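Visitor: I would like to learn how to read a structure like this one, beginning with a single residue and working outwards. Could you take me through it?

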Amino acid sequence: MNTQQAGHSANQRSLAVAVVGCGYWGPNLIRNFYENDQAELVAVCDLDPKKLSKIAKRYPNVLTTDAYQDLLNHSGIDAIAIATPVHTHFPLAKQALEAGKHVLVEKPMAMNSKECMELIALAEERKLILMVDHTFVFHGAVRRIKQEVDSGALGELLYFDSVRINLGLFQSDINVVWDLAPHDLSIMDYIVGKAPRTIHATGSCHAGNGLEDIAYITVTFENDLIAHFHVSWLSPVKVRQILVGGKSRMIVYDDLESMEKLRIYDKGITVGEPESDEQRYANLVGYRVGDMMAPNLDLTEALKIEIGHFVDCVLNKQRPITDGQAGLRVVQILEAANESMRTGKTIVINSVGVV
Ligand SMILES: NC(=O)c1ccc[n+]([C@@H]2O[C@H](COP(=O)([O-])OP(=O)(O)OC[C@H]3O[C@@H](n4cnc5c(N)ncnc54)[C@H](O)[C@@H]3O)[C@@H](O)[C@H]2O)c1
């Protein structure tokens, strides 16, 4: 381990953090922990020495190591953020919790719900914070949608419809559902706040490795609420769009829009009550077309807010918004989607409950 003195803003109420994994996503966690006033980035671990040397150059006061055990043994580290490949989340998070460290683990939380449950139980037993990086939950647009839904402005929810497609980076260990859908499933979990009833998914693999690169997932809830997710690494264009439809209003969230990411439409249908049997077969649907509003959004980087939330939860012993249960709910849907794609069946989900 590089033994230079760690820390840039030590004070009594600061949380000493280490990050494991500094590939594509890890450096974003590293930067945000480094810049957080209440956190002290103590160490970074990666198996790849080239990635470590980049970090050492950028953050000369931070310890760097290729041995995860160094982080576990370091008594000055309170929390570990895990940004390594998905199959390593469970063993690394488990070891961290067993070593008495709070954990922020990347999405998806683990490879299956059994692993998620084991981590949740371990964190509870040791009274440690376990949070999952569901970054979009902290995005200004998503928080605004949640506000609109919770205030009742949308009326009863009818549907959640999401498209996340592009010519994506084919992953070698997970399919497109496990790579891309956690974002949208976590947004849905946060906004809808209800336990799903059934999952049906279809997908197709074109790379010869058995991992689906295009998939469609349908999730149903009580009261005819329906959600649909289209994820693909095989699209020539990039689309990042979510529609949330309520009886009173409907929202379109286009993450690629720079000016009007969120559009709230005062549009909908009215369904008349039939007065006679003949009318029952007539078209009783009327259309309501009102204004569109594009609200001003909080443009703060979602990860900055999220890292602040994690630090705050640990220092003040609060339950994170995206806690282990939220991670588990997302993994349960991913698991069910895989099962449905393999068997062709609709999976009735034995959910862990309402948010
Ligand atoms: N929240 C988000 O928006 C978001 C975005 C992208 C990726 N991710 C998640 O971040 C995680 C990492 O993805 P990535 O794209 O950065 O992958 P990556 O392959 O670019 O980086 C992973 C890094 O982990 C290191 N590593 C692997 N095993 C290790 C071990 N045992 N000890 C130490 N280092 C180890 C590798 O050397 C590599 O540098 C994944 O879980 C992914 O789902 C999240």
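Guide: Let us start with one residue and its surroundings, bearing in mind that this is a predicted model. Once the neighbours within four places in sequence are set aside, Val 17 is in contact with Phe 33, with the run Ala 39, Glu 40, Leu 41 and Val 42, and with Asp 78, Ala 79 and Ala 81.

Visitor: Which residues touch the most other members of the largest nonpolar core?

Guide: Val 17 is one of them, together with Ala 18 and Val 19, in a core that counts 100 residues. The largest share of this core, 11 residues, is supplied by helix H7, which covers residues 176–192. Domain 1 (15–136 + 303–323) and domain 2 (140–300 + 331–348) each give this core at least three residues.

Visitor: How should I read the relation between domain 1 and domain 2?

Guide: One can look at the distance between centres and then at the residues that meet. Taken over C-alpha atoms, the centres of domain 1 and domain 2 are 30 Å apart, and 15 residues of domain 1 are in contact with 13 residues of domain 2. On the side of domain 1 that touches domain 2, helix H4 (86–98), helix H5 (113–126) and helix H9 (302–315) supply at least two residues each. By class, the residues on that side of domain 1 are eight nonpolar, five polar and two charged.

Visitor: And how is the size of an interface usually expressed?

Guide: It is often given as the accessible area that is lost when the parts come together.

Visitor: What does the radius of gyration say about the protein chain as a whole?

Guide: The idea is to compare the value with that of a compact globule: for 355 residues such a globule would have a radius of gyration near 20 Å, and because the protein chain has 22 Å, the two agree. Along the principal axes, the C-alpha trace of the protein chain spans about 85 × 45 × 40 Å. The protein chain has 10 helices and 15 strands, and 43% of its 355 residues count as buried. Among contacts between residues at least 6 apart in sequence, 68% join residues at least 24 apart.

Visitor: Finally, which residues are closest to the ligand?

Guide: The ligand is surrounded by 22 residues, of which Gly 21, Gly 23, Tyr 24, Trp 25 and Glu 106 are the closest. Sorted by class, this shell holds 10 nonpolar, six polar and six charged residues.

How values were computed: Residues are numbered from 1 along each chain as its sequence is written. This is a predicted model: local features need pLDDT of at least 70, side-chain atom pairs count only at pLDDT 80 or more; totals for chains, interfaces and linings use all residues. A residue is near a molecule or strand if its C-beta atom, placed from the backbone, lies within 6 Å of it. Ala, Val, Leu, Ile, Met, Phe, Trp, Tyr, Cys and Pro count as nonpolar, Asp, Glu, Lys and Arg as charged, and the others, Gly among them, as polar. Helices (H or I, at least four residues) and strands (E, at least two) are DSSP runs, numbered from the N terminus. The radius of gyration is taken over C-alpha atoms; the globule rule is 2.2 Å times the number of residues to the power 0.38. A residue is buried if 20 or more other C-beta atoms lie within 10 Å of its own, exposed if 12 or fewer, and partly exposed in between; C-beta atoms are placed from the backbone. Two residues are in contact if their C-beta atoms, placed from the backbone, lie within 7 Å. A nonpolar core is a set of buried Ala, Val, Leu, Ile, Met, Phe, Trp, Tyr and Cys residues joined through C-beta atoms within 7 Å. Domain bounds come from an automatic or database domain assignment.
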